Each structure stands twice: as C-alpha cells, then as structure tokens.
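User: I would like to go through this structure with you term by term, so that each label is set against the rule behind it. Please begin with the helix packing.

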Amino acid sequence: MRRDPLAHALIRTVPLLLLGMLWQAASSAGLINTAFLPSPATISVALADLLGGGEIGRNIFITLFRAGTGLLLGAVCGIWLGLMMARSLKFRAWVTPIVGGTYSLPKSALIPLFALWFGIGSLTAICAVYLACLLPMTVNTFQGVVSTPKVLTWSAQALGTSERQMLSRIYLRHALPDIFTGLRIALGFSFVLAISSEMIASSSGIGKLVFFYGENGAYDYMFAAIACVIAVAFLCDRAMLAVSGWCLRWHESAANARTA
Amino acid sequence: MRDLIRPKIELRQVAKTYATDRAAVLALRNTDLAVADGEFVSIVGPSGCGKSTLIYIVGGFLPAEGEVLVDGRAITGPGTGRGVVFQEYALFPWLTVRGNIAYGLDRQGVPAVQRNQTVERLIGVIGLQGFEDRFPRELSGGMKQRVAIARTLACEPAILLLDEPFGALDALTREIMQDELLRLWLESRKTVLMVTHDVTEAVYLSNRICVMSARPGRLVEEFRVELDRTKPREEIFLSDAFNRVRNQVWLSVRKQALAAESKNAP
C-alpha cells in the first residue's frame, strides 16, 4: 500500500529521536560523565553556534571538493580499467594480480606516505580518495562487462553494431547497474579517506576541524561537527540513489527500489 | 528475379569443435546443407545435438571449419542481411520497445523520419500499440518475442535465422506466434532457417525438415512438406498429409534420441 512519503520519512526518524531522548535522559540523570560524552542538549547549542558561523560550511566544502575530485578521478579510471580488463585477456593477465594484491590493503595506511610525497593539503587527500575508489570501480565494472550475455552481443552485431560502438552501446550499458553499485561503495570510501587524510595531514577540511575540537577538549563542538558530516554524507548517498534509480529505471531492480 | 540455381545459403562440410578444459568436444560434423531463396527450412533433433551451433555458425557468431556461403559468397562474420531471433529474446533491457526496434536502423544511419515510420509500422504489425515506451522487463514473454522479431525485421534481412524462437513460451502463445510467423513469411517470402525441438511446429511452418543426429550432430534425414499454408490451422492439423509427415519426422527424431540414450548408457 502507498503511504504519504512525508509521513513515511517522519516515521523513519522515530528510532533516532528515541535514541537521542534516551541519551539526554541518561546525561541528565548523571549516568554519563558529560566531560567525556556531552549531552545532546549541549551538542545542539554547539551545533547552532557552528551553523551560525561560516567556518563549518567552508570546511565541509573543502572536504566535499577533495572527496568529489578523488571519487570522480577514481570512477573514470576504474571504469576504464574494468572495461579493458574485461575486453583484453592480455591486459587482464597483467592487471588481475595487482588488483588482487592491493584489494584488501587499507588505503588509509598509505596516507603518511602520500603526505611525505605531496605535502600537507588537498593533493594528499585526493590521492588517498582516488586510490580507495579506484578498486571498487574497477572490480564492479569488470563484473558488469564480463557478465554481458552472448546473445546480447550477437544480437547487437547482427543489427550492425561496429566493434567500437559495442563498448558504449552494449558493454557499458549492461555494466551500468554494477557501476552504480561500485559508485555507492566508492562514495562511502571517499568520505572516510578524505576525512582521515585531513586528520593526519591537512590544515583545513571537516576532518581537521573534528580533530582540532577533539584535541582541545571541545567535545560538544566535535560532536556537532560530526553531526554535520553525517548529514552531508547521508544527503550525498540519497542523491546518488536518486540518480542511479533514474538511470536504472529499465533494470529489474527498479521495481523494488522504493523499499531500499 | 529469384536465383533458382544458386542456393541462398549453402553449407559445405561445416564442422565445429569446442575446446573444453578436459578435451575437445565435436559438436557438429561434416554438414552439407543448401537452402533455396524463399525456402523455410527447419532443423529438428534431440536436445544437445548441435542444432543451435549450426544457427550460430550461419549467423557468423562462431568460427567453424568448412565453408558457409550466402548468395555464393563466404561469410566473414555477422551481418544485417541475416537477422537472428534467439529463444531468450535477447532484447536490450535498457531500451524501450521503440528503442529496441529502432536500434538496427539507428546503427545504419537511417534518417529519423524514415526510421520512425518503419518503427510505427512494425509496432502495428506486432500489435503492441500502447506499449511503445515500456521497457522489456514490463513485457510478457510473448510480447518480448514479438519485439525481438520486429527488431530483426526492421533491418529488412533477406534471411531469418530462428533459434528455438518460441521455446520459452506457453503452448497457447506459441501457437499464436507460429501463425504470425507463418503470415509474415507468406507475405515476405524471406529465406528462413529455424531450429526447433518441436516436430509439430517444424511441420506446420516449413517447406523442408532436416533431422539431426545426437552429438556430434549430423544431418541424417530430410523430409519435404507440401501443404497449403493459406488454409487455417485447424484444417492443416486435421489433414492426412500433415499427420503423415508429422509421424515420419517424429519417428525419425525419436530414433536419433533413442540411439543417443543407448550410446550414453554404460
């Protein structure tokens, strides 16, 4: 049955509100040491103060720029790599061991090295994000292309599709659902890597801000900044879902995407 | 004028071996076949006998030993002159009904006005008005196969290659689709090569039926079918001529299937 979407969204916030109220009650009752974990009320005051100033917006914008640039570069290169791996056996033989060998490496371990090479700032963060996004994009694109059914490629050939056109007309279209799966994973990675890179090697960005408040014991402001990160990341993920839902409206998954 | 001497499709000593991990499997051996212009030829045989392999070879999708000639020239790969319809429809799921039918015309750079006319006409032919902007996932099996046939016809191929085209449909839909195919063929007289495991379907539709042995496939027997296709289905089905050929072909296929069984038994 269809429900009013607004009412539906409100219902979904109920568990979050309950958790906040429980947290507040525990703080007020003195069960939690507010020196280490500030109450939601104090965090709200800090949040209002943060949102009043321009600092939080500026730093979120910087972080979004780093995450977005790294994601975009990683996606473009990853799609290309995945396509090449799927279409050329020689290329696959060379690249597969490299992908397999580096897949499980936590990319954040490389941040100090990047900081050494590229210094403190955007380039280090973008490189870390790029590397973290590259592999999920490569692997998912590869999967999507190699799983193209033979009868689809044959039909396309019999209808006059040239070898060049096959890439954009058939293989990439067929891989699109997998590419979006990769993009959603990469989007999550991009925030993690941008923020941890800023904590280690940056003088700006939301990661640096959170780290700075933590260092100085301003935990209410630290939590307020984290709340902003959560909100921005959530909105980005929803935007990604909306775009992929529209692009994949032809796909079998479109019928039940509403409930996801 | 139709060329009465030179066959439209000719296979000379065509053979196909598949390389698997363990050994090379012979799928098709020493096959000779000639299909005349405007002829409807069906290939029937037990499952797994290499019937589909034959269609894939004529389609130009699989390389094979021997020679495949179309209009007297050896084929070098797939071509728009040979339209193919697969059992699994093989529609492009990201394109609408209209987009699928227009696909081949777009690849050949047909002007938009002419392309749209052809697409609208074919949508009418397959009776899918009102479904033009649906995606394949929203269609039934019968509707998908209609779109697949229309998509192939849009390029106006001289040859139709049908790989168990109605195998995935329910019995009633299959009969309707057979009648539609028969009507299309009577109107256009295209050269058709069809693979099926349905003996009745083969007799109802074709001029000539080739029976294939179990793997490695070989054409073992041939039957001519002389029926007046303009008569309604009921009349054809109840006629002695139809049932005589049907029984002959059925016995021949059954012999091949049983031979395969006894060969596989320990």
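Analyst: In helix H3 (residues 112–125) of chain B, the residues B:Thr118, B:Val119, B:Leu122 and B:Val125 meet B:Ala150, B:Leu153 and B:Ala154 of H4(B). The model is a predicted one, in which local features need pLDDT of at least 70 and side-chain atom pairs count only at pLDDT 80 or more, while totals for chains, interfaces and linings use all residues. Residues are numbered from 1 along each chain as its sequence is written, and chains are lettered from A and ligands numbered from 1 in the order in which they are written.

User: What makes B:Thr118, B:Val119, B:Leu122 and B:Val125 residues that meet H4(B)?

Analyst: Two residues are in contact if their C-beta atoms, placed from the backbone, lie within 7 Å, and these four in H3(B) meet B:Ala150, B:Leu153 and B:Ala154 by that rule. The residues of this contact divide into 6 nonpolar, 1 polar and no charged, where Ala, Val, Leu, Ile, Met, Phe, Trp, Tyr, Cys and Pro count as nonpolar, Asp, Glu, Lys and Arg as charged, and the others, Gly among them, as polar. B:Thr118 is therefore the polar one.

User: How do you know at what angle H3(B) and H4(B) pack?

Analyst: Axes are lines fitted to C-alpha atoms, for helices over the stretch in contact, and angles run from 0 to 180 degrees between N-to-C directions. On that scale H3(B) and helix H4 (residues 141–154) of chain B pack at about 140°, with their axes 10 Å apart.

User: Why is strand E9 of chain B called mostly covered?

Analyst: A residue is buried if 20 or more other C-beta atoms lie within 10 Å of its own, exposed if 12 or fewer, and partly exposed in between. In E9(B), residues 208–212, 4 of the 5 residues are buried, so the strand is described as mostly covered.

User: What makes E9(B) a partner of E3(B) and of E10(B)?

Analyst: Two strands pair if DSSP finds at least two bridges between them. Strand E3 (residues 40–44) of chain B is joined to E9(B) by 4 bridges and runs parallel with it, and B:Val44 stands opposite B:Val211. With strand E10 (residues 219–224) of chain B, E9(B) pairs in the antiparallel sense over 5 bridges, and B:Met212 stands opposite B:Leu219. Both counts therefore satisfy the rule. A hairpin through 6 residues joins E9(B) to E10(B).

Terms used. Helices (H or I, at least four residues) and strands (E, at least two) are DSSP runs, numbered from the N terminus.
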